[in-house]
Amino acid sequence: MRCLTDSGKITTDIDSLRSEIRDKSVRVIDVRREDDYKQDHIPTAVNLPLANLLSDDSPESVLKLMNSMGIDNETSVVVYDDTFGALASRVAWTFEYLGHSDVTLLETTYSNWKSLELESDSKIPEIQPKEHTLNLQPNILATADYLQSAKERNDVILIDNRERLNFLEQHIPGAISLPYRTLATKDKILRPKDDMKRLLENRGITENSEIITYCGSVGTLSGLAYYALKSAGLSNTKLYVRSFKEWKNLQKPTEKQEDASYWDLSAE
Amino acid sequence: MTVSNLKQSRPDTAKPKINWSRVEEADNFAKTVKLYRQGKYDEDSFRRFRLQHGAYGTRMTGDYAMVRIKIPAGEIYPNQLEKISQLSEQFSIGSAHFSTRENIQLHWVVLEDVSEIFRGLTEVGLTSREACGNTIRNVMCSPLSGVCPDEEFDSTPYALATARFFLRNPMVQNLPRKFKFNFTCCEKHGMVRMVDVGLIPQIREVDGTTQRGFKIFLGGGLGNKSFVGYQLEEFTPEEDLVYTSMAVLRIFDRLGDRKNMARNRMRYLVNDMGWEKFQNLVLKERAIVRATQSVITQLEVIHTPNEIKRPIRITDESGTSITDGYARWLKTNTVKQKQANYRSIFITLEAGDITASQLNALADLIRDFSSEGKARFGFVQNVALRYVHEDDLPRLYSNLLESGLAKSGALTMTAPIGCSGTTSCNLALTNSHRLAKEIQRKLLELKFDEDDDLSDSSIKISGCPNSCGQHGIATIGFFGGGGRVGKDMYANYQMSLGGRSDGDTMLGLTCLRVPAKRVIPVILKIIEIFKQNKKSDDTLQSWIHRVVNNNEDTEIKSINDIKKVLEPLTIPPTKEEDPDFYLDYGDDTSYHTKTGKGECAA
C-alpha cells in the first residue's frame, strides 16, 4: 500500500488533480451538501455530504460507504469541500482511521476552484463498488478517557482549534488556542510548509511532543488542524474527534479566562 | 504558469506611498519571546522591548498581548484593511478596535503569535513599532486635512513626513515618557492643545510671497492630571518644523522626569518650569539644533498630489431608491468638502469595535466610492471615506446599511468614546467600553442625533482616571472608579462638564459621581434642564460653557446648581431593592475593583 500521507503529502494541488482526473487515477470526493453537489462539482467527483458520514461513523458503516464509492485499499482519494477544508479533513481522517492512507485534501476550496474558472460539471458518475479491508489506526484517535490521562503528561500538547473567543470563554484545562483560521492562507486551505512550521515552533508545538487536537463538536476544525500539523512534519498527532461537546456532556472540568469581559470586544 | 496564478484580483485604486514596516523586526521579536520564555531575558527589559514594538500587556495575564497598529496621519488603504481583517481572524478575536489616536488594535493575541502579526503587516507596509512605550506614538492628523473648508493648506504630508523622520530614530528610542504629535486642519477640528505638540497649518504673506508654516502648541495633554498647551510663537515656518520638533524632544529627553512615572509626561515639565522659561529654552535649543546639523536636515515631505478619480461603475443601477434613514444619515454623518460636489462621510463604530467582515466591507466601499482610493481614521474611534461624489451618496448609504456601518449620528453627541476598559485593560476599574455602547444605543433610539442643539457636544468615557477615553475634553465626560455601600461595591463614574478641544479649549470641571447604572438617566436629565433653560440659539455645548464659567443668568447658574438637580438620581439603592445596580455593564457577577500593573509608563 502506498502511504502518501506518511511521505508528507497532505494536499493535492490543483494542477495535479486535474491531470489525475484526466488519467482516471483518482477518486474525488465532494463533501458539500447534496443540492450543491448536484448543481455542479469537480468532474468525476462523487458526493459524500459530511452529515451522511456523521449519521453513523462506526467503522463498519463508513467502510460500506467507501466500498460504495469504489474505493479499495489501492485507490488514490482526494477530498474537497467549500468550508476551508475542515469538512474534507474530517472525511479524510475517518478514511485514514479505517486504514486508508492514500487520501489527500484538495489544496483549495470549491469556491476558489470555481473562481479560477476551472472545469466543473453536473454529471453523477457511475461507480463500480469495491472491497476495502478494515485496518483500524487507533494511534490517530483520542477518546475522552485517553485525553484525560494523556493531558497530564508533559510531552502532550492539547490544541483547541475553535475561535479565540470560544476558547477564552471555556476550554479544556491545559489546552492552548490555535484557531483554525490561523492554519490557512487567503486561497489555500493550509499555509505553506515552512510558514506553518515557523508558526508552530513559535508556539512551542514541536515534534518532541504528542499532540491532540479538538474543536467544538464533531472534529472538523480540529481535523483540519490534524492535517496542518502533519503538513509541518508533526505526525505524532491524534484527533479528539468527539471534541468539546462530548467533554462537556461528560461533565469533565473546564476552564475560562478570568477577570475580563473580553466578549464585549467582539463587535457583536 | 499554473492556473493558481491566473486569478484576477480587484485592482486597487491607490497603494500606500510609504512602507512603514521592516520584516526583520518580526524575526527579532519571535526570537526574543523565545529567549524570554527560556528565562534568558529579564522581565523589565522584555517589557520595554515588547512595548517598543507595539505589543501591550493584557488584563490579568501574561499570555496575551494587544497589538497596536499605527496608522500614521490616519491614512489607510483597502489592502491594509483586508490584511488587518485576516489577522484579526487568525490571531485575535475576529474583530479589531479603533483607538482615539488613529491606531487600530488587535486584542487577545497570544504573545508567541505577535511576530506573525508583524509579518502579516509587512505585507501591506504597516507597523506597530513605537505604538507603545516611551517614544513618539502615532503621529495624528485631522481626518479632514486636505478637504476642510477652513484649512489654509493640507497638513497631511507634513504629518507623514514627521512620522517617517522619527520612526526608529535613535533620538526618540528612550524618552522619559511617551510623546505625541497631532496635526490638524483648522481651529474648529482641534485637538492641538491637548497633546505634547499640536500643529495648525498657517499661511503668512511676507513681502508679497506666501510662506507655509504652523501654529505650534506645546505641553498640553490629557491624563491623570491634564493641561492645556501653549502656543510657541506667532508663526513657525515649515522649514523650522523639524528643528522645533527636535529641540522640544531634546529638552524633554534631557530634563524630563525619569523617576516619577506618575508625572513624567512633558506637560508636567512645562508646568513645573513655567511656560515662559520652557518657551525660551525651546527657542534657544532650536537655534543650536539648526546651527549644529552637519548637513541640512529637512523633512522629506511628499507633495505629489493624490490622484482624485471617481471610481467607475461596473453596474450602474441609476436611480437607486432612497432608503429610510438616508436623510438622517446625510445630515449627521457627512460634511461638504472644499472641493465642489464631494463630501466626506463618517462611519461611527460602537466604542470603536469593528468585525473582520466589516473591515473587508470597508475596503470594498473605499474602492467603490472614494475618489482618493483610501480612508482616514478620525479622532473619535471612527473612520471617514472622503471624496465621495454627491451623486453616489444614496448608493453608498445602502451599501453601508448592508454591512452594518450606517449608524447615524457619527458627527453628533450620540457617538460617545469609550476606551477598552475592563474588557482588556489592566488599569481599568469599570467597563467604559460597554457603557459607551449602551449610551449610543439609547441616544439613537431617542433620535437625539437629529437634534441640532446636541450636535456639537460630546460624551467621552474612560475606565479609570488615565484619560484614554479623553473624558477631560468632553462636554459630558466620565472616568471610572468604584463606589461602596457598606461592603457592597458598584461601578461609579466621576462626571465632568464643559470640556472642549477647539479654539476655546478647556478641561471639563468636576460635577459629581454617577453610578454606572445611573449614567444614562443623568445624561437625559442634563439635556432636559438644558432644554428648559436654553436661549433660542443655544446648543448644549454653548449653554454648559456659560454655566461652568458662571456666566449664566437663569435658575441654573453654576455647575453646583446642575449638581443639585442631579444628586437625587445618584443615590444608591440597597442591594435588595435593586441588585442590578451592583453589576457593571457587561458583567453578571458582583462588581469589585481589580487592577494589574499599568504599562503606559513602563
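How much area do domain 1 of chain B and domain 2 of chain B bury between them? I looked this up in a predicted model. The two domains bury about 1,300 Å² between them, with 56% of that on carbon and sulfur atoms.

**Entry 1, domains of chain B.** I noted the division of chain B into domain 1 (10-122), domain 2 (140-292) and domain 3 (417-582). For domain 1 and domain 2 of chain B, I read a distance of 27 Å between the C-alpha centres. Their contact draws 13 residues from domain 1 of chain B and 14 residues from domain 2 of chain B.

I then asked which residues supply the area on the domain 1 side. Trp20(B), Ala73(B) and Arg101(B) give 47% of what domain 1 of chain B buries against domain 2 of chain B, more than any other three residues.

**Entry 2, polar pairs between these domains.** I found one salt bridge across this domain interface and six residue pairs in polar contact. By class, the domain 1 side that touches domain 2 of chain B has four nonpolar, three polar and six charged residues. I also looked up Arg168(B), which forms a salt bridge with Glu25(B), with the closest N and O atoms 2.7 Å apart.

**Entry 3, chain A against chain B.** Here I read a buried area of about 3,200 Å², 50% of it on carbon and sulfur atoms. Chain A puts 36 residues into the contact and chain B puts in 40 residues. I counted four salt bridges across the interface and nine residue pairs in polar contact. On the side of chain A that touches chain B, the elements giving two or more residues are helix 1 (14-22), helix 6 (110-115), helix 8 (164-169) and helix 9 (193-202) of chain A. That side divides into 14 nonpolar, nine polar and 13 charged residues. Last, I checked Glu116(B) and Arg191(A), whose side chains meet in a salt bridge at 3.7 Å, N to O.

Conventions. Residues numbered from 1 in each chain as written. Chains lettered and ligands numbered in written order. Predicted model: local features only at pLDDT ≥ 70, side-chain atom pairs only at ≥ 80, totals over all residues. Heavy atoms only, no water. Domains from an automatic or database assignment. Contact = heavy atoms within 4.5 Å. Buried area = accessible area lost by both parts, 1.4 Å probe. Polar contact = N/O pair within 3.5 Å; in protein donor to acceptor, adjacent residues only side chain to side chain. Nonpolar A, V, L, I, M, F, W, Y, C, P; charged D, E, K, R; others polar. Helix = DSSP H or I, 4+ residues; strand = E, 2+ residues; numbered from the N terminus.
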